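Student: I am new to this structure and would like to go through it slowly, one place at a time. Could you take my questions in turn and show the reasoning behind each answer?

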Amino acid sequence: MAEHDFFEKPIINSPYRIPDKHWELDDAGQPTGSLENRRRIVKFVTPIPKPKRNTNKKKSQGQQVDLGFTDKDELSEEKQKYDIADIIGEVRNQVDAWRQLSKSQWGVTPETARLLEHWRKEEWDNIRPFFCQVEAMEVAIWLHEVAPSLKNNASIRILRHLSAANENANPDLFRIALKLATGSGKTTVMAMMIAWQTVNSVRMPNSKRYTRGFLVVSPGLTIKDRLRVLQPHDPSSYFLTRDIVPTDMLDEIKKARIVITNYHAFKRRETMDISKAGRSFLQGPHESMETLETEGQMLQRVLPELMGMKSVIVLNDEAHHCYREKPESDEDMDDLDTEAKADLRDEAKKNNEAARLWISGLEALNRKIKVTAVYDLSATPFFLRGSGYVEGTLFPWTVSDFSLMDAIECGIVKLPRVPIDDNIPENDMPIYRNLWENIRKDMPKKGRAKAEDLDPNQLPTRLQTAIESLYGHYEQVFKLWVEENTQVPPCFIVVCQNTSISKLVYDYVSGFRYKTTSGLENFQNGKLKLFRNFDDSGNPFPRPNTILIDSEALESGESIDKNFREYASDEIERFRRELVERSGNAQAGENLKDEELLREVMNTVGKPNTLGGQVRCVVSVSMLTEGWDANNVTHILGIRAFGTQLLCEQVVGRALRRQSYMLNEEGLMEPEYADIFGIPFDFTAKPVISKPKKPVDPVTVCAVRPERDKLEIQFPKVEGYRTDLPREEIEAEFDTESKMILSPELVGATITQNSGIIGETANLRLEDAHLDTRPSTVIYNITLHLIQKYYKDGNEDPKFHLFNQIKDIVRDWIDGYLECKNGTSPGQLMYLELADMAAEKISRAITKKNLDKQPIKVVLDPYNPKSSTTHVRFITTSQNRYRTDPRKSQINYVIYDSTWEAEFTRVLEATPEVLCYVKNHGLGFEVPYRMGTVSKKYRPDFIVLIDQGSGMQDPLKLVVEVKGFKGEDAREKKGTMETYWVPGVNRLGNMGRWDFLELDAVHEMDPKFQEKIQSALKSKTKK
């Protein structure tokens, strides 16, 4: 392949299947242009710390530090060898082999097997899990349920390695790290983990291997709030909106006890509010007075719901913040200047304090309640600066890896574009690639107070040029989004080194007021028109286009304009209601603090009809390195130091969440891009001259409640059918659906030409194989098949006394309803699959004739016998959507699969007799049927309620199928609906009256539908 093919087509794998191709990378991590037809092997390019001495600049660029780990090598002072890639590769090989085994060989509990089948299935109404999410769970399950019993060399080596790695680094805890690229859905994996443990624990209450208690720990409030979707009772719970478990397991999930917290909560608090003088007075001259919480009190405060449980599982989100540092450090800073040394020491101190608090909290929990395992989920499970390990060293307990490159090749994330060239030839690297190195000497130092005396107009020229260059591209993207009428604008992020810089940049882009030397207040509008927070007269806009986010602003609410609350009163009230719904406390929304409001603005950027929905630019210090995942981010500008690729990937990761997850005709996702300045991200880069792509506009398809509750449609969840055996006399009623056409499309090629390298060719004809098959033999075989499969008495003994009657019916069917085309013959009905299809059609004709004497009975789902439109809720970027008439459907949108369905939706809304309707997308309405020997489930297109004179009290419930091509499969579906499902459901007596209509010609859609309505009305009148 040509070298540029990667940049033209980076996405080569489906996100839902094992990646079976990858673009080859050279030693510097750049694509060679060669496409390899196998999965990428586990190989890490270690994050490179900033060189301390750079005597040969060109030579040093691109060099990678080898940090391997093998069983033979100890941790060395010179180089900590963590060749963890071998371990991860071995785990992957073992899980791949295990995945191919039959279910009976999996070696897991029945509950786990059921969940694995659910996650691996092909057809999903709702959001389907990515392969990387399922693989992460497979690894966790294999290590817990399968590997301990295998006793082979590979499993023993893997388990010993995990044990040794934890003994060295976490002697009191057993940790397992799952490495998943940013944007690949770690929260979904956590939900799957909770489901796996909880269902097993509830159904096997005496087992010590499972638990229903979970502590989820995050690095900050932003992530903590986002993780609320893990709570089963939350309105946006993943267990309700993402089909994490089969519906019959939802009751078990509700028994899980889940505490979600940020690690800061582990800090022991003062139990007394007392001054220094008061403390001195109370404790006296010699005795110290302990006023801090005890360890037990801290745990009772943080996780009261888990107290009393025998064991818990800990889920660490962004787990690179959690480790026990080594007492010695190999950091050498002799060659750094004083300022750089101070910055590094401050960073190391901050990292260690956070890591020490986090790991100490988990160790305290383990002393109180047994921590069965700690699962670390992170895109970057590396040791940080100051840990005592080389910065960027992978956690040795890491067992799986789905890298950023894997995620890009599967289309799960956007492709980051970084500068690789500019028009300054004397520079080795484009200045906008590592902007900070070109401007840092001219930038202000730490401290918000200093920013008050600084002039935004005095920003370095190179910084102003960088801002306006990236903004110029943003303008083009913004214009395109406006033309597409998207609900939210694209988002531009600026990440700054300190609060002084963030305030300067914020004022520069959005506008500011200042005092002249004479003391008068003056105004200057923002340099970037789309990011301005003021009009030309200096009046603030009702809602800011640009917001400032940093630690000081978060505590003080400084960036919130005084009129913001009044202008955004509707959104604030909506947030209050949501707080009440989440907490169940009617007082929760009454006293909304400024910092809570600002955090809500931040958390809702990119979400329509929310506080942050219309924000265009976010200026931040360090809050955006992780956990903030708006999918409308299109541009990032870095104005800070980036010591490692770890930090680069974290910041770039904020722009990698995709907008659309729709597959194209090849079954792949279309590339989406994020443009990056100022972040020296060592990744693929190539000048791409391209116009901004049209944005996608995601919508939430859901039941509109309570406004449209009167339009709710309920339906039965049918699992199968049962019919009583006919008495002594059997008859059949054949119709058009009884017809069976044998053709090469159904049975396979009927003529094959074989040839050797030389010599004559030979034509192999399928009909030659059945020349000697007599018609009587075929009739006998199908009759016997019918009796043995369909006609047995209560003791499961075949009713052979019916043989002659059934044989006559089989003969009539073959003579009148079997058609053989293009070389096929009746003899092929000797094949079991075809015989089963024929038997199904004949049995259905017999059942149909005897409905009055031997009615059909449907078998309902024992756990959920019925469902409703009220449960519909999913997010889609499909543009094939139709906003419904609020008088006709409880669901706000129809997501249609064809123009025929769109046209029928129009017909429905224009028909007065239609009380309400729903498109069967995300509804979960399925009809079981058989196609040969295979049991399948059919999803009809619509359910329509027809007024028969009594309104919603007694409507006709019409199941409608809009079908263009009618093959053998379509005939089976229609036959099942008319012969089994409709009669069986109507016989229930408590689900109303149902009927079925198939529309197979677009120009006849309206008249056939009207004909069905009139027929139903006449039928009702007669009754």
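**A guided reading of the model**

Student: Does S738 count as buried or exposed?
Tutor: The model is a predicted one, and the relative accessibility computed for S738 is 4%. Buried means under 20%, so at 4% S738 counts as buried.

Student: Where along the chain is S738 placed, and which residues does S738 touch?
Tutor: S738 lies in the loop that runs between β19 (718-723) and β20 (740-742). Leaving aside residues up to four places away in sequence, the residues that S738 touches are W813, Y817, K841 and A845.

Student: Which residues are buried in α26, and why are they on the same side of α26?
Tutor: The buried residues in α26 are F803, I806, I809, V810, W813 and I814. They cover an arc of only 140° around the axis, and therefore they are on the same side of α26. On the other side of α26, the exposed residues are N804, D815 and G816.

Student: What do the buried residues of α26 pack against?
Tutor: W813, which S738 touches, is one of the buried residues in α26. The elements that the buried residues of α26 pack against are β20, α25 (775-790), β23 (818-820) and α27 (832-849).

Student: How far apart are the end C-alpha atoms of helix α26 (residues 803-817)?
Tutor: Helix α26 has 15 residues, which at 1.5 Å a residue should span 21 Å. The distance in the model agrees with that expectation, because the end C-alpha atoms are 20 Å apart.

Student: What distance does helix α28 (residues 899-910) reach from its first C-alpha to its last?
Tutor: Helix α28 has 12 residues, and at 1.5 Å a residue the expected value is 16 Å. Among the residues buried in α28 are F904, V907 and L908. From its first C-alpha to its last, α28 reaches a distance close to the expected one, namely 17 Å.

Student: How many residues of strand β6 (residues 311-317) are buried, and which residues are on each side?
Tutor: In a regular strand the side chains alternate between the two faces of the sheet. In β6 both faces are covered, with S311, I313, L315 and D317 buried on one side and V312, V314 and N316 buried on the other. The number of buried residues in β6 is therefore 7 of 7.

Student: Which strands pair with β6, and in what sense?
Tutor: Strand β4 (residues 213-218) pairs with β6 over 4 bridges, and V217 stands opposite N316 in β6. Strand β7 (residues 370-378) pairs with β6 over 7 bridges, and V374 in β7 is the bridge partner of V314. The strands are thus β4 and β7, and for β4 the sense is parallel, as for β7 the sense is parallel.

Student: Why is the pair of Y471 and F531 edge-to-face?
Tutor: The structure holds 25 aromatic pairs. The ring centres of Y471 and F531 are 5.2 Å apart and their planes are at 70°, so the pair is edge-to-face.

Student: Which distant parts of the chain does the pair of Y471 and F531 link, and how many residues apart are they?
Tutor: Y471 is in helix α17 (residues 461-483), whereas F531 is in the loop between β12 (521-525) and β13 (546-549). Y471 counts as buried at 6% relative accessibility, and F531 counts as buried at 0%. The two residues that link these distant parts are 60 residues apart.

Methods
Residues are numbered from 1 along each chain as its sequence is written. This is a predicted model: local features need pLDDT of at least 70, side-chain atom pairs count only at pLDDT 80 or more; totals for chains, interfaces and linings use all residues. Side-chain values use heavy atoms; hydrogens and water are left out. Buried means under 20% relative accessible area, exposed over 50%, partly exposed in between (1.4 Å probe, protein chains only). Contact means heavy atoms within 4.5 Å. The expected span of a helix is 1.5 Å times one less than its number of residues. Two strands pair if DSSP finds at least two bridges between them. The arc is that of the directions from the helix axis to the C-beta atoms. Rings of Phe, Tyr and Trp (its six-membered ring) pair if their centres lie within 6.5 Å; planes under 30 degrees apart count as stacked, over 60 as edge-to-face and the rest as tilted.
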